[in-house]
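Good morning, colleagues. Please turn to the sequence and the structure on the screen, and I shall take you through the salt bridges and then the overall architecture.

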Amino acid sequence: MSDHSHTPISKLFLAYLGGRINGGHIELHDVRFVHGDSIMATYEQLKQQWISDKGRVHLDSYVELRHINGYRIALSARPPNNDLKLFFVNLGGYHPSQLAEQHSFGVFVANNAEQAKQRAWHELLGRYQVDWQQAHKDDLIAVDDCFAISLLDSPLNIHLHYEGEHLSQMQPLRPDWFGYHKL
C-alpha cells in the first residue's frame, strides 16, 4: 500500500493552553501539539504537558492540522520518506497602542528552520498586515520561536504528502473550537 493512500492513525492538533503558574500575576499561554482520534482524547496529554500547576490549566482553543502549504498531514508509525518537516514559528513585536508584546504565529512546511523563518516572515506579516514598530528580537528578524514539530512521546511520525497547488496556501489557523475548557 502506498504512503499516499494510508489512512491516518490519529489526528494532529495544535492546542492553545492558558493557565496560572506559581508566583505569576496574570494568566500565561502556551501552544502544544498532540495527537488523538479527537481533541477530547488528548486532554490528559495536554494537562501533563502544562508547565506548572496541572490543576490550573485550561484549553482556550484548538485546530486540527490537516494541510499546510499544499501538503496533507498524516501520522504513521513508519518513518517519513522525505526531509520535510512541520515548523511552528512565532513572531513577536511591539505596537505603540498596545502595552503588551504582540504575537502572530503559524505552521509551515520547510526543510530547515531558516527556510521556515523566511516563509513565516513573508506569509504572516503579509497576511495579517502586522504593523509592529519594533521587532522583539532583531537578531532573529522578529522570530521569537521556531521549532520542528515532533511527537516525542509517541511512536508516530508526521508525514507530509504534496497534493498540489489547490492547497498551496497555509491552512488558516482558525480555531475549530474556542472558549474556556478546564482540563
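Is Arg-32 buried, partly exposed or exposed? Arg-32 counts as partly exposed, because its relative accessibility is 22%, and the partly exposed class lies between 20% and 50%. I should say at once that this is a predicted model, and that the values I quote are computed from it.

Arg-32 has a charged partner: its side chain meets that of Asp-30 in a salt bridge, with a distance of 3.0 Å from N to O. Asp-30 also counts as partly exposed, at 22% relative accessibility.

How many salt bridges are there in total? The count comes to five. I shall discuss two others of these individually.

The next one joins Asp-176 and Arg-66, whose closest N and O atoms are 3.8 Å apart. This pair links distant parts of the chain, 110 residues apart. Asp-176 sits in the loop between strand E10, residues 157–162, and strand E11, residues 177–182. Arg-66 sits in the loop between strand E3, residues 57–64, and strand E4, residues 67–68. Both loop residues are partly exposed: Asp-176 has a relative accessible area of 39%, and Arg-66 has one of 36%.

The other pair is Glu-163 with Arg-72, whose side chains meet in a salt bridge at 2.7 Å, N to O. Glu-163 lies in the loop between E10 and E11, while Arg-72 belongs to strand E5, residues 71–76, so the pair ties together parts that are 91 residues apart in sequence. Which of these two partners is buried? Arg-72 is buried, because its relative accessible area is 17% and the limit for that class is under 20%. Glu-163, by contrast, is partly exposed at 26%.

Arg-66 and Asp-176 also take part in a network: salt bridges that share partners join these two residues and Glu-64.

Let me now turn to the chain as a whole. The protein chain contains two helices and eleven strands. Read from the N terminus, the order of its elements is β-β-α-β-β-β-β-β-α-β-β-β-β.

The chain has 183 residues, of which 42% count as buried. Among contacts between residues at least 6 apart in sequence, 72% join residues at least 24 apart. Finally, the accessible surface of the chain comes to about 10100 Å², and carbon and sulfur atoms account for 52% of that area.

Thank you for your attention.

Technical notes
Residues numbered from 1 in each chain as written. Predicted model: local features only at pLDDT ≥ 70, side-chain atom pairs only at ≥ 80, totals over all residues. Heavy atoms only, no water. Salt bridge = Lys/Arg side-chain N within 4 Å of Asp/Glu carboxyl O. Buried < 20%, exposed > 50% of the residue type's maximum accessible area, 1.4 Å probe, protein only. Helix = DSSP H or I, 4+ residues; strand = E, 2+ residues; numbered from the N terminus. Contact = heavy atoms within 4.5 Å. Areas by Shrake-Rupley, 256 points an atom, 1.4 Å probe, with all protein chains shown as cover.
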